[in-house]
Amino acid sequence: MDTAIYNFLPVWVVIFPIFMSIVIFVSSRRSEKMRDGLSVTTAVLTFISVVAMYPSVADGGVIAYTIFDILPGLGITVRLDILSFSLALISSFVWMLVSIYAIDYMSHEHAGDRFYPIFIFVLGSCLGIFVAGDFFTLFIFFELMSLISYVLVIHEETREALRAGYKYLIMTIIGGLALFFAIILTFELAGSVSLSEGTLITVPSTMAFLAFLNFLIGFGMKAGMFPLHVWLPDAHPVAPSPASALLSGIMLKTGAYGLLRVLFTVFNIPLVKEANWDILLGVLAVITIVLGSAVALTQDDLKRRLAYSSVGQMGYIIMGMALLNEKALVGDVFHIFSHALMKSTLFLAAGAIIWKTGLRNINDLHGIGKKMPVTMGAFTIAALAMIGIPPLNGFLSKWTLALGALDAGVPFYVFILLVSSLLNGLYYLPIIIAAFFGGENEHEGEESLALEYDDATYGMIIPLAVLGLSCFVFGLMPHNFLFELSLKAASFLFQSGMP
Amino acid sequence: MYLHLPVLMVVLLFGVSFVVSLLGKKRRNLAFQLTLLVLGIVFIISIYLLQHVGKEGPFSYHVGGWPPPWGVELYVDYLSAYVLMVLTSISFVVLIYGVEDLRHELKSDVLHWYCSLYLLLLGAMCGIALTNDLFNLYVFIEISTIAACGIISIKDDRKCIEASLKYLILSVMGSGCFLLAVAMLYMITGNLNFTYVAQELPHVLPLYPYNIVIALSLIIVSLGVKSALFPLHVWLPDAHSSAPSPSSAVLSGLVIKIYAVALVKLLFQVFPPQIFEVIPVLDIVLFLSVLAILAGSIIAMVQDDIKKMLAYSSIAQIGFVFMGIGLFEGRALAGGLLHIFNHAMMKAMLFLAAGLIIYASGIRKIRDLKGIGMRMPLTMLAFTVGAFSMVGIPGTNGFISKWHLALGALDLERPFFVAVILLSSLLNGIYYFPIVIDAFFGTQIMPQSEHKDVPALMLVPVMVLAVGIIFFGFYPAPVLSFIERAIGL
């Protein structure tokens, strides 16, 4: 009986939000309160359900079964292991907080009746990516999530948003097709695309390289990897802030998750090393890091700066994969957690500022810290974590990544990490300093407008504070649950990637 | 009893077609009822045949009790049972839609003629799927051509007449080619029955190589014209876009495919494989199919009339069917044949959805469709499903056929065709998605008052087809197993 429930939970966390999105859509015709309440309830229940999956994977257990076959060797399958659990956990956690935040935030926006059902639907499809048992199922949910979240990107329906959305859509289609090609090639070479059958492709060949390249294009597109990141800085800032927080915080990670699966399940470590694909990954990662951080410096729009910073941070994650050793993987998985927490904090804080004051330009934010202390406090913690100040979580992930790089014998990557931290400092610290210590009078024109406001509503600052604190709690602490989780996930992943 | 079913189908369709035409304009309700009834019966027969053939294997029927080589033989194998199912199911659903739409689109005194032509067309197509005789095939092709012309020109405006004349001229030239090819084959083999011709051809190939090569070329040209294989497609966009919407759905969904099926039958059952060493027909077909896929998609991108865009998209999609035929083996062929059914569903649905939009608002221009999704949510939802399927998003049936085509191409170690498939999917995305996006998120141009409500009877068929697209995206196994048996996998 118990196992039946545990077996069903992975399906439940996907079906439940998707089903509830319909309920929310229907209820939104009745009353807005009911709609808001339902979406928060759904997100909370989903999070609880995800947490309830922990016992079945805690000791390296795996749940894997087939729901039904579409074609021989190709079907809808489920697979839950410690890595998928980790990502599902962080996603549903952030989603839950963002859904609370969204209620107040979206009360200023139009078309909430469209926003909430889509918001919850994307949660379901995002979790679907993590609990998918083969690349085909993963692909279905990946496409669902990417295409449906288009609606979140263009929510404001301005000309700018539609243009960014179009770019997003075209890139998504291209990425989807590349994935399709890669999956077909894998199926052709291995006769299966399952995640549960050990390494699928063991012999390097031109076809295998094509498959790798197309996986890289498909997932790298989502992860914002250079040179496929071009949609990201446009699409993330134009979305409403709760959506940008999820786009940057969570949905980028689906690309990283896919790449992890590709490296350690489709291929294995010796093969990747033999074929030198890790060098390709490494080069792309370094360019992504440097480019993301450097361009972020030049952005004046707060959300745009955050979006470019996401590009840089995803570079760390790709770099962690390229190192192909266990320590780096720990840092890698942990950075997925850290970045999810930090970036959603930052975007939510930026959203609170925009919501309260309408200011988007960084130069206008002088003195805002005195008016909105909690918001800017959370922003500060997250920004310091980004730079990698101990004892915050960003420090821990960078530290572990650096250890991994030294293990792999490439101190050059450590140097890149340091340079990027420096750049992070250069673009985050001025915001913080100006916010807390800057005088308001530096901008004469805005002065009168900027006078009367205080911090955002409790509905917004509580999720923000929780996220901000979590950057601290999951940092250098004696008991860091997320770090232990990443240790387990990394060793699990590493073992599956050894022949 | 089941033995007579195949011929009963064709006879029933032709017979009722005659009866309906006699009913006159006063009793046009009866005409529609009778037509729907017959379509329903034929659909049930085809389902019965499908499961019978699935269980007991193929069987043949000698018309009038005259055995071949003298009499006409109908042969129900896996392929024809599958094709019959496609034909009857889609045409049934489309005519349910047509009951309301045609009253709106056509003059009331031609409605019973429409029913008559529709049945005639379907009967001829069923005949093409069933027959095992070259000359009989030619006759059915002629009937279906004339009937197809009829259901285009019945709208009786300048554009339709022009389009159907163009279609008629090109099509009749195609028919001429086909007749010539039949004559040439008859000349050297002395037979018309597929089986007997196929037995003779390997022996006479060394004697009359040119005859056979020319016959094959003529057949490919004639069937290529009729199924709008690039560059013989020039008649299609006008014909399919100007016809009444149910006609467009049937023409794009079924009529162009049936000639591809005829080609498959001829290549498989009549011509010996040695012929491909004499002339690389398959490579020519492949080359043309690639051109069709790319050119059709690119031209579709610049269209501003929605039905014209759908018509050009059909040219690209028929390219997939021909790609399967050109690769001629294993999973690729299965993918091509599966695409016959899948595209029939998608394109019929898209044309009907476009018809609904035209019915409700009179809008045909793509750029005027902004905001239509808010007023016709279900229609545009169905359209979205169709667009997803065209792009090949997993979970829709379009994905399954592309999957098979791509795997088949890889099996044959020709990854170039996979690239073509992907490129075409991208192009499809580029011209289908903006329509969907503008429909839901664009600001509407037309005032609300001009908007008519859509009768449920028209909406239901569209939704049924949309559900079918998703259903067969997740559960293609029954259809696919049939196709795999048809090509002997």
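1. Polar contacts across the interface. Between chain A and chain B there are zero residue pairs in polar contact, counting pairs with both residues at pLDDT 80 or more. A polar contact is a pair of N or O atoms within 3.5 Å; within protein, one must be able to donate a hydrogen and the other to accept it, and residues adjacent in sequence count only if both atoms are side-chain atoms.

2. Basis. This is a predicted model: local features need pLDDT of at least 70, side-chain atom pairs count only at pLDDT 80 or more, and totals for chains, interfaces and linings use all residues. Residues are numbered from 1 along each chain as its sequence is written, chains are lettered from A in the order in which they are written, and side-chain values use heavy atoms, without hydrogens and water.

3. Salt bridge. The count between the two chains is one. A:Glu188 and B:Arg331 form it through their side chains, at 3.7 Å, N to O. The term requires a side-chain nitrogen of Lys or Arg within 4 Å of a carboxyl oxygen of Asp or Glu.

4. Extent. Chain A and chain B each put 29 residues into the contact (heavy atoms within 4.5 Å). About 2700 Å² is buried between them, 86% of it from carbon and sulfur atoms. Buried area is the accessible area (1.4 Å probe) that two parts lose on being put together, summed over both.

5. A:Ser27. This residue lies in helix H1 (residues 2–30) of chain A. A:Ser27 counts as buried (under 20% relative accessible area, 1.4 Å probe, protein chains only) because its relative accessibility is 4%. A polar atom of its side chain lies 3.0 Å from the backbone oxygen of A:Ile24.

Definitions and conventions:
Helix = DSSP H or I, 4+ residues; strand = E, 2+ residues; numbered from the N terminus. Buried < 20%, exposed > 50% of the residue type's maximum accessible area, 1.4 Å probe, protein only.
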